Amino acid sequence: MVLGHRGASAEAPENTLAAFSLALQQGADGIELDAQLCASGEVVVVHDASLARTTGFAAPVTHASWSVIRTLDAGSWKSGRFRGERIPLLLEVLESFPRLVNVELKCDLADDAGLTGEVVRVIRAAKAEDRVLLSSFNVACLWRARLLAPRMPRALLFESEQRWPLRSGLLAPLLGVAAMHPEHVLALPRRVSRWRRRGYTVGCWTVDDPYLAASLHQSGVEAVITNWPARILARWNV
């Protein structure tokens, strides 16, 4: 499976409807996006803790209300042709994108201020439970998701910069996750084989080289999250 990382984010502004639409046009099996709570309680789709990089508005997402966020230009930083592209609500994305949506719960704190619960509520309101995967680096968020929506599949994210207990995926059994989502450098063939024997599916990020994607697939990786869906789909020979 090929999932667009924040949409087709190499060619369109990340985490916008334009990027998700382009990923769909390019034939991606799904998309990956980042979900955060803004100050007024809505679930917005944005990666950074601050709005500065993609909108020029230097405020934390959690300090800005939806009435402000909805007015920001989240496309011009990428290209003038995307001027006026907005940060979307999670609900908007779920209603407009018909395929798999990997929702990353974006929170660094043990107390997520209600993020997980609100994401679950929005997914149910959109009747999208059968095509959503929840993922997070935050084990507290995944634990809450297990309690709030035990039938909604979950994936554990981890990366090479984390301490060994986290980057090895050791906590997965406690969280009841269905999938391992390691940074691709951690997906060594012996590890992938071990994870699959234990019943996990394996998806790697962020994979922009089609030859690396093919190599990962040959080792048992079942999904790649990429900034370049078209490039991977065009040249990935498996």
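# Chatting through a predicted model

Modeller: Heads up before we start: this is a predicted model. In the protein chain, 55% of the contacts with a separation of 6 or more come from residues 24 or more positions apart.

Biologist: Okay, and how many helices and strands are there in the chain?

Modeller: The protein chain has 11 helices and 9 strands.

Biologist: What's the radius of gyration, and what would a compact globule have?

Modeller: The chain comes out at 17 Å, and a compact globule with 238 residues would be near 18 Å, so the two agree. Along the principal axes, the C-alpha trace spans about 50 × 40 × 35 Å.

Biologist: How much of the chain is made up of buried residues?

Modeller: Buried residues are 50% of the 238. As for the outside, the accessible surface is about 10,800 Å², and carbon and sulfur atoms account for 53% of that.

Biologist: What about charges, how many positive and negative side chains are there?

Modeller: There are 27 positive and 24 negative ones, and the centres of the two sets sit 6 Å apart.

Biologist: Let's zoom in on α1. Which of its residues are buried?

Modeller: Those are Ala 18, Ala 19, Phe 20, Leu 22 and Ala 23. They pack against two strands and two helices: β2 (30–37), β3, α4 (90–96) and α11 (229–235).

Biologist: And what happens just after α1?

Modeller: Gly 27 is there, with a positive phi of about 95°.

Biologist: Which residue has a positive phi of about 55° although it is not a glycine?

Modeller: That's Asn 15. You'll find Asn 15 in the loop between β1 (2–5) and α1 (17–25). Its relative accessibility is 2%, so Asn 15 counts as buried.

Biologist: Then there's Ala 113. What's its phi?

Modeller: Ala 113 also has a positive phi, about 60°, without being a glycine. Look for Ala 113 in the loop between β4 (100–105) and α5.

Biologist: Is Ala 113 buried or exposed?

Modeller: Exposed, because its relative accessibility is 63% and the exposed class starts over 50%.

Biologist: Changing topic: how many disulfides does the structure hold?

Modeller: It holds 0 disulfides.

Biologist: Why is there no bond between Cys 38 and Cys 107?

Modeller: A disulfide is a covalent bond between the sulfur atoms of two cysteines. The closest cysteine sulfur to that of Cys 38 is in Cys 107, and at 14 Å it is too far for a bond. The cut-off for calling a disulfide is 2.5 Å.

Biologist: Is Cys 38 buried or exposed?

Modeller: Cys 38 is buried, at 6% relative accessibility. Cys 204 counts as buried too, at 0%.

Biologist: Now Asp 48. Where does it lie?

Modeller: Asp 48 is in the loop between β3 (43–45) and α2 (52–55). With a relative accessible area of 19%, Asp 48 is buried, because the class takes in anything under 20%.

Biologist: What does Asp 48 touch?

Modeller: Leaving out residues up to four places away in sequence, Asp 48 touches Gln 36, Arg 53 and Val 61.

Biologist: Last one, Arg 121. Which helix is that in?

Modeller: Arg 121 lies in α5, which covers residues 115–125. Arg 121 is partly exposed, with a relative accessible area of 46%.

Biologist: How far apart are the C-alpha atoms of Arg 121 and Ala 149?

Modeller: They're separated by 9.6 Å, and along the chain the two residues are 28 apart.

Technical notes:
Residues are numbered from 1 along each chain as its sequence is written. This is a predicted model: local features need pLDDT of at least 70, side-chain atom pairs count only at pLDDT 80 or more; totals for chains, interfaces and linings use all residues. Side-chain values use heavy atoms; hydrogens and water are left out. Helices (H or I, at least four residues) and strands (E, at least two) are DSSP runs, numbered from the N terminus. Buried means under 20% relative accessible area, exposed over 50%, partly exposed in between (1.4 Å probe, protein chains only). Contact means heavy atoms within 4.5 Å. The radius of gyration is taken over C-alpha atoms; the globule rule is 2.2 Å times the number of residues to the power 0.38. Accessible areas come from the Shrake-Rupley method with a 1.4 Å probe; for residues, only the protein chains shown count as cover. Lys and Arg count as positive and Asp and Glu as negative; His and the chain ends are not counted. The place of a charge is taken as NZ of Lys, CZ of Arg, CG of Asp or CD of Glu.
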